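Grab a coffee and work through these short exercises with the structure open beside you. Try each task before reading its solution.

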Amino acid sequence: MNDSHTTFLLISLAVLIVLSAFFSSSETSMMSLNRYRLKHLAKEGNRGARRASKLLERPDRLLGTILVGNNIVNILAASIATVVAVQIWGEAGIAIATIGLTIIILIFGEITPKTLAALRPELIAFPVSIVLQILQKILYPVVWVCSSISNALLRLLGVNVSADAGDQLSVEELRTVVREAGLGITRSRQNMLLGILDLEKMTVNDIMIPRNEAVGIDLEDSLPSINSQLRTCHHTRLPVFQGDINNVTGIVHMRSIARLLSRGDLTKESLISACKEPYFVPESTPLHTQLFNFQKQKRRIAIVVDEYGDVIGLITLEDILEEIVGEFTSDMLLPSQDIHPQDDGRFVIEGGSAIRAINRQLKWKLPADGPKTLNGLITEELESIPETAVCLTVGSYRMEILQTKDNMVKSVRVWDRALDHGGPLPRSEPEENPAQ
C-alpha cells in the first residue's frame with residue numbers, strides 16, 4: 001500500500017513537472033511572438049495567430065493566467081517531492097527534495113522549455129493558445145483579483161496600465177527592421193525601402209542640378225543655335241530663359257515642338273508659346289514633400305530658388321526616384337564623365353562633382369551633410385581657395401588638387417588612405433591630368 005502510494009505521488013510529480021514546462025514555454029512563446037508577423041498571419045486567417053492575438057490584447061490577464069497556473073503547479077510539485085523524500089530518507093529528505101526538485105525544475109521545467117519556446121515561438125504559442133483560452137476562463141476569478149491588485153500597485157508607481165503600449169515603429173526603428181530583414185527581402189528591395197525612408201532626411205538642395213550644370217534654352221542665342229541645341233538635346237524638358245536662368249520664361253516639352261523641329265518651322269515666338277509656366281520650389285523642401293508636390297502639381301521638373309528668390313538649380317522627378325531605386329541605366333548621360341579611375345587605384349575627379357554621386361558610384365563615405373560638391377568640401381576644409389598641388393586629408397581619404405581655375409577647384413586626385421601603405425605620395429603636375 002505504501003509503495004503504491006509512493007508510486008502515485010511520483011507519477012503526480014512527473015505530471016506536475018510537465019505542466020510546469022507547459023506554463024514556462026507558454027509564457028516565453030507568447031511574449032516572443034513577432035507582433036507584426038502575428039498581425040499578418042491573423043489577417044491571412046491563421047486560427048492560431050488569431051487566438052494568440054486575442055490573448056495578447058490583455059497581457060495582464062494572460063500573464064496572470066500563466067503565472068497562477070505555474071505557481072500552483074510548482075507549489076504542488078514541491079509539496080509532493082517533500083512528502084516522497086521524507087518517506088524515503090526521513091528528515092534529511094527535506095533538504096534532498098529542495099535541492100533535487102530545484103535542479104529538475106530548472107532544467108526540465110524552466111530552461112529547456114523556455115529556450116525551445118524562444119527559438120520556435122509560433123510552434124509553441126499557437127497550439128497552447130487553445131489551452132490558455134480555457135484556463136483563462138476557469139481561473140478568471142483568481143486572475144481578476146491578482147490583476148486588480150497588481151494594476152493598483154502599478155498605478156501607485158505612476159504607470160498607466162490602461163494606456164496602449166503601442167506597436168508603432170519610429171522611422172529609425174523601421175529602418176532597422178528593413179536592414180535586419182535578411183532573406184525576407186532582396187538587397188535591391190531593401191535599398192529601395194531604405195531610400196524611401198531616407199527621403200525625409202534630405203532636401204531639394206541635396207540632389208538638385210546646380211545652375212552652372214543646368215541645360216536650358218537661352219532666347220538671346222541665334223535661332224540656328226537654338227535649333228541645333230534642341231535637335232541634339234538628350235532631355236525631355238528644358239527651361240527657357242532670357243539671357244540668364246534667373247529670367248525663366250517657362251519649361252518646354254520636346255514633344256510640344258517636335259513637329260515644328262521636323263518641319264524646320266520653329267521660331268522664338270512659337271517656342272515661347274509652347275512653354276509651360278515655370279514651377280518654383282524652395283531649396284529647403286524635404287524630398288518626400290517635393291515628391292508629393294510633383295504628384296499634386298502634375299509636374300516633373302522644378303526650378304529651385306534660394307531664400308532670396310535667385311535660381312540656384314533644377315530638380316526633376318527622376319532625380320528623386322533615383323534616390324529610391326538608384327541610377328536609371330537608360331539615362332543617355334551615364335556613365336558619369338566626372339570620375340576617372342587611374343591604374344594605381346586612385347581617381348581623378350572633377351571639382352564640381354556632387355559628393356553624393358561620388359559616394360554612390362565609388363561606395364565611399366565622404367561627408368555629405370555640408371557642402372554638396374567636391375570643390376565645396378575642399379574649400380571648407382582649407383577655409384580658403386587652394387592652389388595647385390595642395391594635399392589634404394578628409395576622413396579616410398587623401399586628396400591632391402591638380403587644377404584650380406576661376407576661384408574654384410577644377411580637378412582633384414582622390415584615393416583611400418589604405419592605398420598609401422605608409423609610402424610617399426607620387427606628385428603629378430596639373431597638365432598630366434588625363435581629364436584635362
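A residue counts as buried under 20% relative accessible area, as exposed over 50%, and as partly exposed in between. Keep in mind that this is a predicted model.

**Exercise 1.** Work out which class Ile107 belongs to, then place it in its surroundings.

*Solution.* Start with the number: Ile107 has 40% relative accessibility, so it counts as partly exposed. Next, find where it sits: Ile107 is part of helix α5, residues 92-119. Finally, look at its company. Together with Ile99, Ile103, Ile104, Leu106, Phe108 and Ile111, Ile107 makes up a nonpolar surface patch with about 650 Å² of accessible area.

**Exercise 2.** Sort the residues of strand β10 by face, and then follow the strand to its partner.

*Solution.* Take the faces of β10 (residues 391-394) one at a time: Leu392 and Val394 are on the covered face, while Cys391 and Thr393 are on the uncovered one. Now the partner: β10 runs antiparallel to β11 (residues 397-405), and four bridges join the two. Across the pair, Cys391 faces Glu400 of β11. Last, check the turn: two residues lie between the strands of this hairpin, and Gly395 has a positive phi near 60°.

**Exercise 3.** Find out which helix gives the largest share of the lining of the second largest pocket.

*Solution.* First, the space: this pocket holds about 960 Å³. Its lining has 24 residues, and those closest to the centre are Gly195, Asp198, Glu323, Arg356 and Arg360. Then list the helices: α9 (187-198), α15 (317-325) and α16 (355-362) each bring at least two lining residues. The largest share comes from α9, with six residues.

Notes:
Residues numbered from 1 in each chain as written. Predicted model: local features only at pLDDT ≥ 70, side-chain atom pairs only at ≥ 80, totals over all residues. Heavy atoms only, no water. Buried < 20%, exposed > 50% of the residue type's maximum accessible area, 1.4 Å probe, protein only. Pairing = 2+ DSSP bridges. Patch = residues over 30% accessible without salt bridge, like charges linked within 9 Å, V, L, I, M, F, W, Y side chains within 5 Å. Areas by Shrake-Rupley, 256 points an atom, 1.4 Å probe, with all protein chains shown as cover. Salt bridge = Lys/Arg side-chain N within 4 Å of Asp/Glu carboxyl O. 1 Å grid on protein atoms, 1.4 Å probe; cavity = no way out; pocket = protein on both sides within 12 Å on 5 of 7 lines; lining within 4 Å. Points joined across faces, edges and corners; volume = space filled by probe spheres on them.
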